[in-house]
Protein chains: 4
Amino acid sequence: MQARVASLTQFNHPLSIEERELPPPSNGEVLVEILAAGVCGSDVHMWRGKDPRTRLPLVLGHEGVGRVVAPVGRKHDLRGSQLATGDVIIWDRGTTCGQCYFCAVKKKPYLCPHRQVYGIVRDGCYSTHLLLLPRTRLLRLPEGADPAPLVVAACSGATAAHAVAACQLEIGDRVVILGPGPVGVMTLCFALARGAKKVLVLGRPGDEERLALCRRFGAAEALAVSCAEEAAQGVMEFTNDHGAEAVIECTGSPQAVQEALLMTAPGGVCSAPGVAVPVGEIGVRIYEDIVRKNVRLQGIWVSDTSHLHQAVSLLLSRRWPLEELVSHRFRLEEATLALETVEKRQAFKAVLMPH
Amino acid sequence: MQARVASLTQFNHPLSIEERELPPPSNGEVLVEILAAGVCGSDVHMWRGKDPRTRLPLVLGHEGVGRVVAPVGRKHDLRGSQLATGDVIIWDRGTTCGQCYFCAVKKKPYLCPHRQVYGIVRDGCYSTHLLLLPRTRLLRLPEGADPAPLVVAACSGATAAHAVAACQLEIGDRVVILGPGPVGVMTLCFALARGAKKVLVLGRPGDEERLALCRRFGAAEALAVSCAEEAAQGVMEFTNDHGAEAVIECTGSPQAVQEALLMTAPGGVCSAPGVAVPVGEIGVRIYEDIVRKNVRLQGIWVSDTSHLHQAVSLLLSRRWPLEELVSHRFRLEEATLALETVEKRQAFKAVLMPH
Amino acid sequence: MQARVASLTQFNHPLSIEERELPPPSNGEVLVEILAAGVCGSDVHMWRGKDPRTRLPLVLGHEGVGRVVAPVGRKHDLRGSQLATGDVIIWDRGTTCGQCYFCAVKKKPYLCPHRQVYGIVRDGCYSTHLLLLPRTRLLRLPEGADPAPLVVAACSGATAAHAVAACQLEIGDRVVILGPGPVGVMTLCFALARGAKKVLVLGRPGDEERLALCRRFGAAEALAVSCAEEAAQGVMEFTNDHGAEAVIECTGSPQAVQEALLMTAPGGVCSAPGVAVPVGEIGVRIYEDIVRKNVRLQGIWVSDTSHLHQAVSLLLSRRWPLEELVSHRFRLEEATLALETVEKRQAFKAVLMPH
Amino acid sequence: MQARVASLTQFNHPLSIEERELPPPSNGEVLVEILAAGVCGSDVHMWRGKDPRTRLPLVLGHEGVGRVVAPVGRKHDLRGSQLATGDVIIWDRGTTCGQCYFCAVKKKPYLCPHRQVYGIVRDGCYSTHLLLLPRTRLLRLPEGADPAPLVVAACSGATAAHAVAACQLEIGDRVVILGPGPVGVMTLCFALARGAKKVLVLGRPGDEERLALCRRFGAAEALAVSCAEEAAQGVMEFTNDHGAEAVIECTGSPQAVQEALLMTAPGGVCSAPGVAVPVGEIGVRIYEDIVRKNVRLQGIWVSDTSHLHQAVSLLLSRRWPLEELVSHRFRLEEATLALETVEKRQAFKAVLMPH
């Protein structure tokens, strides 16, 4: 099987479009034709050489939806459906060992030290085809669904699922989300899906379009604030001076975590899925912000299959206007342009459509 | 590799002692020399042909501790230790697929429809050697520990871990355990390990020795009662007429579940790991025993690797006199005698020592 | 202060419309003018003399919304707002001691043995005015909201909150609700608010209008089934033969609990808020329905203030067409007619409007 | 009733021994004769004028055990026992409103804004007698128990209960405790009572006696370390380089919280009950210490009645040598000496015995 890939061979240079010969799938593997591959902000980091894990050459792309090619023997998806040629599927971007302390005892496979991620640790979805490992967990998607917005489930959606689940929301809780990007919007959807009474999304000046999208997705308010004081004031007005039962930091900025703690109500939780690379130290007033308020600061590292399942379920629920998620679609050959568009924040979400 | 096994070839007949040629371990498999194999009550059921799952011929034995034979390549145990020849290990008796809804989404692998159990679905531990599947989860044991009592961790210990975890005990709760057999005693240990204020174990007349063992293991009281009324009265005296915050049914008798609900305090839980085969219907007063008391009846089906890990941790903690657990040791050739001894309730716990 | 009440003086006879002199509120009490009083199915039971707790004479009515009359000193609602004359409020129908084991240690005040309920243990809301106890918990409602549908929060809404919270739903779970009455519909709303992927409501022939209302409230399906087999078949089709992760029994029929267990998926929960009076024994196949499936049967007894808070939050969220909840409104003098209308199942929800 | 009190009338001066006339108990109040009053480290802070909440004059003492004086009408303890003259009781040092959002909706009464604490907000236990508020929650103690060590349940024991409950320990987890003072030792007991596999307590040079006491109370190791590096190294050796599933900071030093995060295993929790006054900012590496490890930092503010109940249950369990807890006993007239002894760290736990 011949595949065409966009390969990162040199940092900061255009991706190289190449033909590759894929071996036939061996036992338990599944060959898919990539229908849509999401372009994630961390792809830009890798392209720019800022992610120390990156080993060249590498085919980027950890978010994908594909179609099963050729017979696969007896292979089932998460729901127990036997896969057939032509099925459209999504998969957990991280394949874990299932045998270690984190997988088998703690049931937190996102911490598995053997976790292999397509597009980060091994070749990914910027490709016409991908050979999925035997232990990659698959989920069949309904026929006829647009694959482009569904790629969001693979990374930002699953991470948002993890971040919101960790908040243990109660019906009636007020939620604040910092950062109206893809993770922020998915976090908004999960907060609403878990019973938040109302959600406030905070962005920065320039985020107006993204904030408008948040309002269309159900945010009670979505504000552009230019400093920490303004942000804190917005939250206190939103919550009648109580603070928010949950604050979810989706910007990746360390300052935002500090601000988030100020906004958290006594007994509340501050969930932090946004920070994805080392950003140095933040100052935490341990008494005022953590102990006296009995607050929980919860770090969120990536996601697992249960979160992917939640994200797909949410995206298929028709409660939200999914079609608005994907602002830009590119051909595989335009992968470099797609990275640039994301880097310049011109795209809310860009997706490669290799076929 | 030549192995000697005790094979069940015909129900109700003596097990057949046979020599078998084991294939060399292929990739990911681990060959172990069985040091100790527990004889479980359900082995007797299988021998007697009462368990409809049993397909002959079959080597029984789902509880085992063994020593790693020959090099194994890079294979790690649950704690991340690389296995070496000579290591003493225990393993999860059930090997699960890791890919299905129950394994990957619900994280309840004990419900995996592909669960394979040594000694039940495939050949087990009544043998000098066993070839463990690549996906069987392993845990290295400390050198020098007596392997015989540790087999208890594999089945009754892990099941007890599951049953007590589901109770979500609080420090100060009072616990009642019905049935002073191996599951009951392990349940007692877990209840104490999770902060039960005091534990009452109830048995039937004839159980006096077992009840005395429960007292040595930390039961505040251990009583032989001859009827439901006497049992209920014992619990009400034990709890100052409040009922027990948790009642754990470890006899397998359906009547005992009915009794257990009567003993459960308002807001409490009745956990049921004992019933292992169909026993017909029980009558439940849905208003008085469940709804009005806001009680939870929790079925417990087998266990998973997290429970095995707990059971090993508990058994190695030196808080309890483990050496008292094993009442009888037999050679492999005496496997039939071991089954008879268990069937007659002459043994508290019988273990085969094939070497 | 003169109040007019509809008093139950003799079972099965028309309620007696009487004038009563209320004492002035003493320290901590709050006098309210009743704006709306719900007529609950259990009011009919009490009227018919079927509830052994009923002591005559009694003013029925445990669901109420009222307006604060006259100054109240420094009295705050649950959110910390200081109450003022004219404020519209709702309150927890049960006032609990706050000092007992269930209130203070277990934090399950619905089990408080000293719980006093308006309209059941003491005079209630079938009245122009009501004097609320100092320890009754209050919640201010927004000005201008129609008080009639909000009474639902006080009893069926709060109970539904309790029943669904106990299910610990995950995003993506499938939920079945038995019984399309007020508790069933509120349970539907809470299941959706907590992330159920889709909800099936089952009724009996004759329930068509109620089932249509369930569809308008968001049920994926709402079916009238005439027997247990048809019900089970409907659930299995709805869930692709998996069973439902949560089944919530809202009919009060003991047979329904039996059916509910058959419909529950492995690892799932069957929550039972419907049964409110003794209904005898049900037969439970302890192995097949509870243990082998690792299922939890959770009894639900009434509710507490946290559930009331959830119910008010949900009803004010504008996600559902609240105005459809109240099918009939009556004057206080028509209280007997209201009971008859509810008894004949002609009303979905009837509310007295005493002013 | 005449009472003798040790009153703090001027910061840094000896407490003033005074006679006071107590009013007769009014409805719901309970007059107790103080049998033992604990001298807490925060009493020293208040004496020294370092706690801004302190309003003079004030009778210190928030930890007490007393004997009921004179008939009390129908008053029950937490377990439902009717109190009688002569009963020995302990009580929740904080009396909460029961009506606010934190008490009634969130069920976290330790965050109640109306919480009144004996010896901090109102006169406390440095007295021969104390009049307990009607809403103070009481727990009867067994006759004959030495009251001095039981005062530990009132403050450090209850706080430790809260801190360890928040860790949600699993059987087999490894726990590290920073600080071998009274909170640290009680935290050790709770960690063991909840199934910790082994506990390491870290102190500073000079803490050798306290560390020896920790070993007698069940710590697997108890080390004096002189710097953060040595502490981290000790933990990594203790946990085979994994980190501890739970680290509980009981020193109150902000640096210790930073160290604690370094010691926490991936997926673990760092619980912080020690910091009781503002101590400025600490630097947290948000990526390395929180997000990448998926760690939870949980602030712990005081405790509630459920924690008191746990602490009493634990102290009465006879698993630990309670008599070792109290190093010094003083007469009421020696209260100033007691404060000095605690301030100089000469006492592990000092208790006033006013009778």
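Helices α4(A) and α10(A) are roughly perpendicular to each other, because their axes cross at roughly 105 degrees and angles of 65 to 115 degrees count as roughly perpendicular. The model is predicted. Beyond this helix pair, the briefing covers the domains of chain A, a sheet built from strands of chains B and C, and the relation between chains D and B.

**Helix pair α4(A) and α10(A)**

- Helix α4 spans residues 156–165 of chain A and helix α10 spans residues 305–315 of chain A; their axes come within 8 Å.
- On the α4(A) side, the contact is made by A:Gly157, A:Ala158, A:Ala161 and A:His162.
- On the α10(A) side, the contributing residues are A:His307, A:Leu308, A:Gln310, A:Ala311 and A:Leu315.
- By class, the contact of α4(A) with α10(A) comprises 5 nonpolar and 4 polar residues, with no charged residues.

**Domains of chain A**

- The domain assignment divides chain A into domain 1, made of residues 2–155 + 303–352, and domain 2, made of residues 158–299.
- A distance of 27 Å separates the C-alpha centres of domain 1 and domain 2 of chain A.
- Domain 1 of chain A brings 19 residues to the contact, and domain 2 of chain A brings 15 residues.
- On the side of domain 1 of chain A that touches domain 2 of chain A, the elements giving two or more residues are α1 (41–47) and α10 of chain A.
- Helix α10(A) gives the most to this side of domain 1 of chain A, with 5 residues.
- The residues on this side of domain 1 of chain A divide into 10 nonpolar, 5 polar and 4 charged.

**Sheet across chains B and C**

- An open sheet of mixed pairing is formed by 12 strands, in the order β13(B)-β12(B)-β11(B)-β14(B)-β15(B)-β17(B)-β17(C)-β15(C)-β14(C)-β11(C)-β12(C)-β13(C).
- The edge strands are β13 (221–224) of chain B and β13 (221–224) of chain C, each of which pairs on one side only.
- On average, neighbouring strands of this sheet are turned by 15 degrees against each other, direction ignored.
- In chain C, strand β12 (residues 198–203) pairs with β13(C) in the parallel sense over 4 bridges, and C:Gly203 has C:Ala224 of β13(C) as its bridge partner.
- Helix α5 (residues 182–193) of chain B packs on the sheet and touches β11 (174–178), β12 (198–203) and β14 (244–249) of chain B. The direction of α5(B) makes about 170 degrees with that of β12(B).
- Helix α6 (residues 208–216) of chain B lies across β12 and β13 of chain B, and runs at about 170 degrees to β13(B).

**Chains D and B**

- The contact between these chains involves 13 residues of chain D and 13 residues of chain B.
- Helix α10 (residues 305–315) of chain D supplies the largest share of the side of chain D that touches chain B, namely 4 residues.
- The residues on this side of chain D divide into 4 nonpolar, 6 polar and 3 charged.
- A turn of 180 degrees with a shift of 0.0 Å along the axis lays chain D on chain B with an RMSD of 0.0 Å; that is the relation of a two-fold axis.
- In chain D, the C-alpha nearest the axis belongs to D:Arg194, at 2.2 Å from it.
- The copies meet through the same surface, because 100% of the interface residues of chain D are also interface residues in chain B.

Definitions and conventions. Residues numbered from 1 in each chain as written. Chains lettered and ligands numbered in written order. Predicted model: local features only at pLDDT ≥ 70, side-chain atom pairs only at ≥ 80, totals over all residues. Axes fitted to C-alpha atoms, helices over the stretch in contact; angles between N-to-C directions. Parallel < 35°, antiparallel > 145°, perpendicular 65-115°, else oblique. Contact = placed C-beta atoms within 7 Å. Nonpolar A, V, L, I, M, F, W, Y, C, P; charged D, E, K, R; others polar. Pairing = 2+ DSSP bridges. Least-squares fit on C-alpha atoms with pLDDT ≥ 70 in both. Domains from an automatic or database assignment.
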